[in-house]
Amino acid sequence: MRNKLIAAFACTTALVSTGAASAADLGARYTKAPAYVEPLFNWTGFYVGGHIGGAWTNEQFINNGVGAPFGDLVPGQGYRQRGAGIMGGAQIGYNWQANNYVFGMEGTISGLDNKGTVVNTAFGAGDDIFTWRANVLATVVGRAGFAVQNNLFYIKGGYAGVNNRLNVSDTVAPSTGSGGQTHWANGWTVGAGWEYGITRNWIVGLEYNYAAFGSQTYQLGGTSGNYTFDAKPRDIQWAVVRASYKFDAPTIGRY
């Protein structure tokens, strides 16, 4: 009987040792799954969208001295006036992200409602009426920014162009006549903004821009022939809210 008890105890000990070894082997072969980390927002890809906000134009026009005085302004005289209005339009671009740095190109087209009227009373009330309007603005810029997950802080700069019109009506002698002309003025622009990726593809943001333009010569008719003014939107500033849809935006997982 004693021998049987000893043999049973030895068998039980062996089974327990084998189970412990198997458990240790399983622990070595199977590890706990890593914790899930929320994917980072990826700014790379093409995007299209729209924007709306306000714009401020500082218009300048000067009699450049070619021809007789018209609008009762002697050569070198002119006016500068500021006008504001609503603006809105569309943007299209592409971003490329390297680590936290984002680079891209973007084009915009916007409609403006910036206009003004100046009355010259040199020869009586309502003598000369000058009107101007800046109504279309386009830009092509490069962008560079720094991304903090769903936030992008960026600066931009490049080309800007604007459609600008000047009209003059002079109804009181000695110089009378009327005329108007439209020109496309070329210039440059800089700006800065912030964007936020609210989903994988939808982006919203805020942006401020400044642009300056060169002069164009406007030929305006009078009773004795054409008279010329040098006119330009001396500068345009605008602030807008933006919304864009980004295509081909794979997520990047981090483990």
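How much area does the protein expose, and what share of it do carbon and sulfur atoms supply? The protein exposes about 13500 Å², of which carbon and sulfur atoms supply 63%, with accessible areas taken from the Shrake-Rupley method with a 1.4 Å probe, where for residues only the protein chains shown count as cover.

This is a predicted model, in which local features need pLDDT of at least 70 and side-chain atom pairs count only at pLDDT 80 or more, while totals for chains, interfaces and linings use all residues. Residues are numbered from 1 along each chain as its sequence is written, and side-chain values use heavy atoms, with hydrogens and water left out.

Begin with a cartoon view, which should show 1 helix and 9 strands (DSSP runs numbered from the N terminus, helices being H or I of at least four residues and strands E of at least two).

Next, select strand S2, residues 78–98, and within it Gly93, which is buried at a relative accessible area of 7% (buried means under 20%, exposed over 50%, partly exposed in between, with a 1.4 Å probe and protein chains only). Leaving aside residues up to four places away in sequence, Gly93 touches Gly45, Phe46, Tyr47, Met105 and Glu106, a contact meaning heavy atoms within 4.5 Å.

Then move to Gln91, also found in strand S2 and buried at 3% relative accessibility. Its side chain makes a polar contact of 3.0 Å with the side chain of Ser244 (a pair of N or O atoms within 3.5 Å; within protein, one must be able to donate a hydrogen and the other to accept it, and residues adjacent in sequence count only if both atoms are side-chain atoms). Finally, display the backbone oxygen of Gly50, which lies 3.3 Å from a polar atom of the Gln91 side chain.
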